[in-house]
Amino acid sequence: MNNKYFAEPFKIKMVEPITILTREERLAKIKEANYNLFSLKSEDVYIDLLSDSGTGAMSTNQWAGMMNGDEAYSGSKNYFNLISSAQDIFGYEYIQPVHQGRAAEKVVMPILLGPGKFAISNMHFDTTRAHVELTGARAIDCIVPEALDTKTYAPFKGNMDVLRLVELIEELGKENVGVIIMTITNNSAGGQPVSMENIKNTAEIANKYNIPLMIDAARFAENAFFIKEREEGYKDKSIKEIAREMFSHAHLFTMSAKKDAIINMGGLIGVKNDKELFEVIKGRTIPLEGFISYGGLSGRDLEAMAIGLQEGIDYNYLKYRIGQMEYMAGKLDIADIPYQSPVGGHAVFVNAGEFLPHIPYYEFPGQALAVELYIEAGIRGCDIGSYMMGNDPDTGKQIKSQFEFTRLAIPRRVYTQSHLDVIIEALIAIKNRVNTIPGYKINWEPKILRHFTSRLIPVDK
Ligand SMILES: *Cc1c(COP(=O)(O)O)cnc(C)c1O
């Protein structure tokens, strides 16, 4: 694993001070928050790795663009700048801004799906799944089996299982499959990339059965970078050329621009050339998101997105960004701390189940490690494991997750190498007293999406 840090391709002009509490203060804060990281105030967090969504730092150019916001109700110049920027990268004729990724899903899904229909994806992100199910349809994940093996290296663990995809279409009936969704990178599988070959093969199947292929494009630039680095035939292509080729295989895309477009709020819908479909999308956007030339955003936000899209495909930026994950992975290898390998594009998933073997799944190892990282160094990550999975809706019993991860999502252009070192040092310190770390039990929980608001207490040993 490449352990050399690729230095930031930017310098710092403005700083946002962060608080460093003492260990005693952190112990009090986390107790007050009922050991739920979502209940902490962000000002009590030193290094915030809860999400990479909307948490990136905008550039001087983006902030300058904000000052050029044209807040006209219709026909704002920023809208046209955004359309040209997006057309340039995606090669699609039709682009519609919306306020974030789930808004794009809310507009698009009911057009493609309804009761009795199915969406098949390499893996649905949770809001994508929710919007599929809200139409009355069902969401089926169809990821390659190597994604489930956290140890063995595979270059494209985000891929669609294309053989299974064909079986599923045959079983369900092609007229019942409303959409095939390719999520790049595959967020729920740990930010794992999808190869160009896999996108192409999936598109061939979609075309054969006449089913639209939609890209969930939140991390398209990170995916393009992985293709350039790992797939034969792409090392001399630019990120933009690779992005264009990826999108050329699909029919439409939805995108959360809070990730690779490095803005704090925004989203997009793109349609390659299906004018009729785009008319329906525009018609739904107006009541749901606002007039087509602003789509739930201010003019200044549209401008920041137009600029951020281009900054997000800069090769050196991506090399630094993905390099941060690889740097951390290299340090974890040396410290013999288990994580999902190879690391993905936006986060490191520490294998808390293996790191804390004395804590059973029903005492939430991923959550226990997340709490401990806060106590140790003021770092905020989150559980991706049994705590997040919750209870079986039929039996009420705790579900046993396939993995117990603590996710450390890295915001874009926000933290430096020294911050990453603090994270690694905290993990090493925890490793040295691993047997003293308690599991947790739930004191109170809501019926759905409990991980956001539950109250927990440490289990006495
Ligand atoms: C974040 C994300 C979404 C939802 O986007 P929001 O901007 O959070 O609404 C959808 N799909 C993927 C893959 C995402 O990462």
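This note sets out points on the fold, the surface, one strand and one loop residue of the structure above.

1. The coordinates come from a predicted model, and every remark below should be read with that in mind. The protein contains 16 helices and 14 strands. Its radius of gyration is 22 Å, close to the 23 Å that the globule rule gives for 461 residues, so the protein is as compact as a globular protein of that length. Along the principal axes, the C-alpha atoms occupy a box of roughly 65 × 55 × 45 Å.

2. On packing, 57% of the 461 residues count as buried. Where contacts with a separation of 6 or more are considered, 73% of them join residues that are 24 or more positions apart.

3. As to the surface, the accessible area of the protein is about 19500 Å², and carbon and sulfur atoms contribute 52% of that area. The side chains include 50 that are positive and 58 that are negative, and the centres of these two sets are 2 Å apart.

4. Strand S5, which covers residues 177-183, deserves a separate comment: seven of its seven residues are buried, so the strand is largely enclosed by the rest of the structure. S5 pairs in the parallel sense with strand S3 (residues 118-121), over four bridges, and it also pairs in the parallel sense with strand S6 (residues 213-216), again over four bridges. For a reader who wishes to check the register on screen, Ser 121 stands opposite Ile 181 of S5 in the pairing with S3, whereas in the pairing with S6 the residue Ile 180 stands opposite Leu 213.

5. A second local point concerns Gly 56, which is located in the loop that runs between strand S1 (47-48) and helix H2 (60-67). Is this loop residue buried or exposed? Its relative accessibility is 13%, and since burial is assigned under 20%, Gly 56 counts as buried.

6. Which residues does Gly 56 touch, once its neighbours within four places in sequence are left aside? The contacts of Gly 56 are then with Ile 262, Asn 264, Arg 412 and Val 414. By way of contrast in position, Ile 111 lies 55 residues from Gly 56 along the chain, and the C-alpha atoms of these two residues are separated by 32 Å.

Notes:
Residues numbered from 1 in each chain as written. Predicted model: local features only at pLDDT ≥ 70, side-chain atom pairs only at ≥ 80, totals over all residues. Heavy atoms only, no water. Helix = DSSP H or I, 4+ residues; strand = E, 2+ residues; numbered from the N terminus. Rg over C-alpha atoms; globule rule 2.2 N^0.38 Å. Buried < 20%, exposed > 50% of the residue type's maximum accessible area, 1.4 Å probe, protein only. Contact = heavy atoms within 4.5 Å. Areas by Shrake-Rupley, 256 points an atom, 1.4 Å probe, with all protein chains shown as cover. Lys, Arg positive; Asp, Glu negative; His and termini not counted. Charge placed at Lys NZ, Arg CZ, Asp CG, Glu CD. Pairing = 2+ DSSP bridges.
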